[in-house]
Amino acid sequence: SQSDNGKPFTMTFQTADFDGGDPNMRKQFTRAYMMLGAPSGSNGTATLTCNYAIDGSVLTYPLGSVILNESPENTGYFVAKIPFPASQPSTGHWLNMTCSVAGMVGPVAVHRLKLVYTPLSWE
């Protein structure tokens, strides 16, 4: 396991504002795919919890969690599919995500993030 002098730690990261190559186009974000790395067999209980914000807002919405034991292997790569909840706003020009892992297990590596969206017509 990994710890900070025997005490739990929190790893957090925030992405840039993703605009899909066109910041003027409104988009309906539907899901995120995250390629995660589990380089140690001891991190199976690690839980990555994510939130998102739309169009630079400080208001965030919970996106969900991924437990690394969902990986088919104890170590190696794992692609997690995280749908955006239908009950929350998911339409905007750009979106950023903040994810974290808390505890004494690790390491956890985030290699790639892909956002899936539907372009919306101009109003």
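A polar contact is a pair of N or O atoms within 3.5 Å, and inside a protein one of them must be able to donate a hydrogen and the other to accept it. Keep that in mind for point 5. Here are my notes on this model, which is predicted.

1. Start with the overall make-up. The protein chain has eight strands and zero helices. If you walk along from the N terminus, you simply read β-β-β-β-β-β-β-β. So don't go hunting for a helix here, because a helix needs a run of at least four residues in DSSP and the count for this chain is zero.

2. Next, look at how the chain folds back on itself. Take the contacts with a separation of 6 or more: residues 24 or more positions apart account for 80% of them. Buried residues make up 32% of the 123 residues. The chain exposes about 7000 Å², and carbon and sulfur atoms supply 52% of that area.

3. Now the sheet. Which order do the strands take in it? Four strands form an open sheet, and the order is 1-7-3-4 with antiparallel pairing. Strand 1 and strand 4 are the edge strands, each pairing on one side only. From one strand to the next, the twist averages 20°. Strand 7 pairs with strand 1 (residues 9-14) over six bridges, in the antiparallel sense. Strand 7 also pairs with strand 3, again antiparallel, over seven bridges. If you want to check this on screen, find F9, whose bridge partner in strand 7 is G103. Then find L48, which stands opposite V101 in strand 7.

4. N51 is a good residue for seeing the sheet up close. It is found in strand 3 and stands opposite T98 in strand 7. Is N51 buried, exposed or partly exposed? N51 counts as partly exposed because its relative accessibility is 28%, and that class lies between the cut-offs of 20% and 50%. P62 is eleven residues away along the chain, yet the C-alpha atoms of N51 and P62 are separated by 4.3 Å. Leaving aside neighbours within four places in sequence, N51 is in contact with T60, Y61, P62 and L63, and also with N96, M97 and T98.

5. S90 is where that opening definition comes in. You'll find S90 in the loop between strand 5 and strand 6 (91-92). S90 counts as buried because its relative accessibility is 7%, and the cut-off for buried is under 20%. What does the side chain of S90 make a polar contact with? The partner is the side chain of Q28, at 2.5 Å. Not counting residues up to four places away in sequence, S90 touches K27, Q28 and F29, plus Y52, I54 and F84.

6. Finally, the core. In soluble globular proteins, nonpolar side chains tend to be buried together. The largest nonpolar core here has 24 residues, and the members that touch the most others are M34, L36, Y52, F84, L95 and M97. Strand 2 (27-38), strand 3 (47-54), strand 4 (61-67), strand 5 (76-83) and strand 7 (95-103) each supply at least two residues of this core. Try clicking on L95: apart from residues up to four places away in sequence, L95 touches A16, D17, F18, F29, Y52, A53, I54, F84 and L115. Y52 and F84 are worth a second look, since S90 touches them and L95 touches them too.

Methods: Residues are numbered from 1 along each chain as its sequence is written. This is a predicted model: local features need pLDDT of at least 70, side-chain atom pairs count only at pLDDT 80 or more; totals for chains, interfaces and linings use all residues. Side-chain values use heavy atoms; hydrogens and water are left out. A nonpolar core is a set of buried Ala, Val, Leu, Ile, Met, Phe, Trp, Tyr and Cys residues joined through side-chain atoms within 4.5 Å. Buried means under 20% relative accessible area, exposed over 50%, partly exposed in between (1.4 Å probe, protein chains only). Contact means heavy atoms within 4.5 Å. Accessible areas come from the Shrake-Rupley method with a 1.4 Å probe; for residues, only the protein chains shown count as cover. Two strands pair if DSSP finds at least two bridges between them. Axes are lines fitted to C-alpha atoms, for helices over the stretch in contact, and angles run from 0 to 180 degrees between N-to-C directions.
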